[in-house]
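Colleague: I've got a few minutes before group meeting. Can you walk me through this one?

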Amino acid sequence: MSVVTDGAGNIFIGEFSGHRVRKVTPDGIIRTVAGTGQAGYSGDGGPATKAQLNFHEGIALGRDGSLYIADRENHRVRKVAADGTITTVAGTGQAGYDSDGQPAVRAKLNMPLAVAVDEDGNLYIADLANQRVRKVTPDGIIHTVAGNGLGGYDSDGGPAHETKLYQPNALALDAAGNLYISDRGNHRVRMVARAGAEMPLKPYEADLYGKAVAPHTVQRGQEFDLGAYVESRLGGADGAKVTVVLTLADGLVDATGTSGRRLSRTFPGTSLVPYSGIRAPGPTSYSLNGVFRVTAPRTTPPGTYVSTLEIQYAGELNLKDNVFTLPVAVVVPSLVQDETALEIRQETVPEVAAGQGAKFNVILNSPTGQPVNPGVIAQRFTAPTGFVFTGQPSYGYYDTVHGVITGNLVHRIEDDGRTLIVTDNPHVNTTTSDTGPLVYTIGVRALPGAHPGTVADGSASVGKHVPVQLSAKVTGPVGDETPLRYAQESVPELEPGGSTTFNIEIRSLDNQPVNPGTFPQRFTAPTGFAFDPGASYGYYYVKPAVTGNLSTRVEDGGKTLVVESNPHLNTGTTDTTALLYTLSLRALPDAGPGTYDDGRISVGRLAPTPITARVK
C-alpha cells in the first residue's frame with residue numbers, strides 16, 4: 001500500500017491487492033479515483049474509474065494535480081489527469097528493457113515499483129527488475145538517471161548512470177531537486193544530486209552485455225573455458241563492430257596455440273538482436289560466443305590468476321559494465337587420499353521452535369586447492385541435545401564448470417535419530433565435476449520438549465579427521481500465523497493447456513518474528529486453471545539463499561493445492577525479510593480467454609487472499 005497527500009488535505013491510497021486508488025477528502029469521505037477492483041489492463045483514454053490496474057505499487061502527485069501510478073504487473077506508469085482521464089505515460093506492457101532517448105510510451109519497463117514528480121514536471125520511475133531509475137521529461141522522452149542495468153553495488157561519488165543498483169523500490173525528492181533512492185537489495189539509501197538538471201545521455205548505438213564464463217578452480221595442465229557470451233538489449237547491433245578482447249594473466253595461455261596474451265574475436269556478417277522468443281529472419285543471433293579455450297601449463301605455479309575481458313563496439317567499450325575480471329585458481333593435481341586434509345566446518349546453524357524442523361549445511365573443502373580423495377569412509381554426525389536427524393541428507397558441488405552437481409548421500413540414522421552415519425566418499429578437486437567446496441545439507445528436528453536456547457554439543461566425525469562441533473538453536477514457543485501476509489508476486493498468463501510457475505510472497509507485519517509451526521495452507525486455483533503437484537520455497541534475502549521443496553498434495557483434480565509447511569520468518573539469520581513459495585499452474589485445455597481472479601489463498605485465521613491468472 002502507498003499513500004500520498006495533496007495541498008488541499010486530500011489523501012490518496014494505493015490498494016495493491018484491491019487494484020484501486022482511493023481518495024479520502026478532508027471531510028472523511030472515501031471514493032475510488034482509479035481502478036475497477038479487477039486485476040488487468042484496460043481503459044486508457046477513458047475514465048480512470050473504469051480502467052483496470054494490476055497490482056500497482058507507488059503513487060505520486062504532479063503540480064497540476066495529476067496522479068501517477070506505478071502499475072507494476074502491467075509494466076506501465078499510468079497517469080490520471082485532473083478531469084479523471086487515465087492514460088499510459090511510460091511502458092509498453094511488455095516486461096523488459098530497451099534504449100533511452102525515445103518516447104516513454106514505446107520503452108519497455110520491468111516491474112516499476114515507485115514514482116516521483118519534481119517541480120519541473122519530470123517523472124521518475126523505480127524500474128525494479130531493470131536495476132535502474134528512469135526519468136521521463138515533460139516532452140515524454142525517457143532517460144536513465146541512475147543504474148547501469150546490473151544488480152549489485154559499487155562505489156559512490158561517480159555518475160549515477162554508471163553505478164549499480166539492486167532492486168530500487170522507492171523514490172523521494174527534496175526541495176533542491178535531489179533524488180533519493182531506496183536501494184533495497186543493497187540496504188542503502190542513495191542520492192542523485194539535482195537529478196532534474198542532469199543532462200540526458202546520448203543513446204547508445206548498441207547496448208551490449210556479457211554473461212561471464214570462468215571456472216573457480218582448475219588443475220595445472222587442464223584446459224578450460226574463459227570469456228563471455230555477448231547479448232544485446234537493442235535490435236540490430238552489427239556483429240562486425242563487436243569485438244571481445246581477453247587479456248590473459250601471466251601463467252595462462254591460449255589452448256589453440258595462438259601466441260601472446262591478448263586474444264580477440266569479431267563476428268562479421270551477423271546481426272545481434274535481443275531474444276524475443278520468435279526467430280528473426282536473416283543472419284541473426286541472440287548470443288555471440290566470446291568464450292576462449294585456455295590452459296594452465298604444467299609449469300604454472302599454484303595460485304590465483306586474474307584475466308581481463310572487454311566487450312567493445314566500434315572500437316569503444318560499450319557501456320561501463322562490459323569489463324570483467326576473471327579470476328581462476330590453479331592448483332597442483334597431487335592427490336591426497338586422506339580425509340585429514342579436508343577443512344570441515346558448519347556453515348549454517350539451524351534455528352527452529354520446539355517440534356519444528358530445519359536444514360543446515362556442513363562444508364568440506366581443501367583449503368589449498370589440492371585434490372582430496374579419501375574413498376568411501378564412515379562419517380558420524382551426532383545431533384545437539386534436544387535435536388534429532390530427519391530426512392535424506394544430500395551433497396552438492398556448486399562451483400564446477402559444469403554447473404551445480406548434487407545427489408543423495410548413502411546414510412542410516414541410529415539411536416532414535418541422535419546419530420547420522422554417512423557412508424560415502426567426500427572427494428574434492430579430483431576432476432572438473434567435484435570442484436570444492438563440497439556441501440552436505442542435513443535435516444534436523446527440535447524435539448517437542450526442547451528448551452529454548454543454543455546447544456553446541458553436537459559433532460561431525462569424518463573418518464580420521466578431528467571432530468568438528470555442531471550447534472543448533474531452539475527459538476522458543478510456537479507462535480501463530482496471524483502476523484503473516486501472503487501476496488501474489490506475479491500473474492501467470494497461459495495458452496489453454498499451457499503450464500508455468502508463479503510466486504507467492506510471504507512477509508510479516510513490521511518484520512516481526514513469526515513461527516507458526518507446520519500447518520496446512522490451501523491454495524485454490526482460478527477458474528480454468530489447476531495446480532500441478534510439487535512446489536518449492538526460498539529465503540532469497542539471506543546469503544546464501546535457503547531453498548527446498550515443500551510438502552504438498554493436490555485435491556479436486558488440481559483445483560486445490562495443500563501445502564504442509566512452517567512459513568516461519570525473522571526467527572534467525574536464515575529466514576529474514578520474506579519467504580517465497582513457487583507453485584506450478586496449468587491452464588485447462590478448454591479454458592476460455594480472459595482474466596480470472598477467483599483463486600484464493602486460505603491460511604489459518606487470515607482473511608483469504610485472491611489469486612489471479614490469465615488465459616490468452
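Modeller: Sure. Domain bounds here come from an automatic or database domain assignment, and keep in mind that the model is predicted.

Colleague: Fine. How far apart do the C-alpha centres of domain 1 and domain 2 lie?

Modeller: The assignment puts domain 1 at 2-192 and domain 2 at 207-331. Taking the C-alpha centres of domain 1 and domain 2, the separation is 37 Å.

Colleague: Which elements give two or more residues to the largest nonpolar core?

Modeller: That core has 32 residues, and Tyr 486, Phe 523 and Tyr 581 are among those with the most contacts inside it. Tyr 486, for one, touches Ile 504, Phe 523 and Tyr 581, among others further along the sequence. The elements giving two or more residues are β40, β42, β43, β44, β47, β48, β49 and β50.

Colleague: And how many residues are in the second, separate core?

Modeller: Val 362, Tyr 440, Val 462 and Ala 472 are included in it. The count for that second core is 30 residues.

Colleague: On to the cavities. Between which domains does the second largest cavity lie?

Modeller: The search finds four cavities of 30 Å³ or more, and the second largest holds about 60 Å³ of space. Its lining includes Thr 217 and Val 331 as well as Asn 429 and Thr 435. Both domains in question give residues to the lining, so the cavity lies between domain 2 (207-331) and domain 3 (339-475).

Colleague: Which strand gives the largest share of that lining?

Modeller: By class, the lining has two nonpolar, seven polar and no charged residues. Three residues, the largest share, come from strand β17.

Methods
Residues are numbered from 1 along each chain as its sequence is written. This is a predicted model: local features need pLDDT of at least 70, side-chain atom pairs count only at pLDDT 80 or more; totals for chains, interfaces and linings use all residues. Side-chain values use heavy atoms; hydrogens and water are left out. A nonpolar core is a set of buried Ala, Val, Leu, Ile, Met, Phe, Trp, Tyr and Cys residues joined through side-chain atoms within 4.5 Å. Buried means under 20% relative accessible area, exposed over 50%, partly exposed in between (1.4 Å probe, protein chains only). Helices (H or I, at least four residues) and strands (E, at least two) are DSSP runs, numbered from the N terminus. Contact means heavy atoms within 4.5 Å. On a 1 Å grid over the protein atoms alone, a cavity is a set of points where a 1.4 Å probe fits but cannot get out, and a pocket is an open set with protein on both sides within 12 Å along at least five of seven lines; lining residues have an atom within 4 Å of a point. Grid points are joined across faces, edges and corners, and a volume is the space filled by probe spheres set on the points. Ala, Val, Leu, Ile, Met, Phe, Trp, Tyr, Cys and Pro count as nonpolar, Asp, Glu, Lys and Arg as charged, and the others, Gly among them, as polar. Lists of a residue's contacts leave out its neighbours within four places in sequence.
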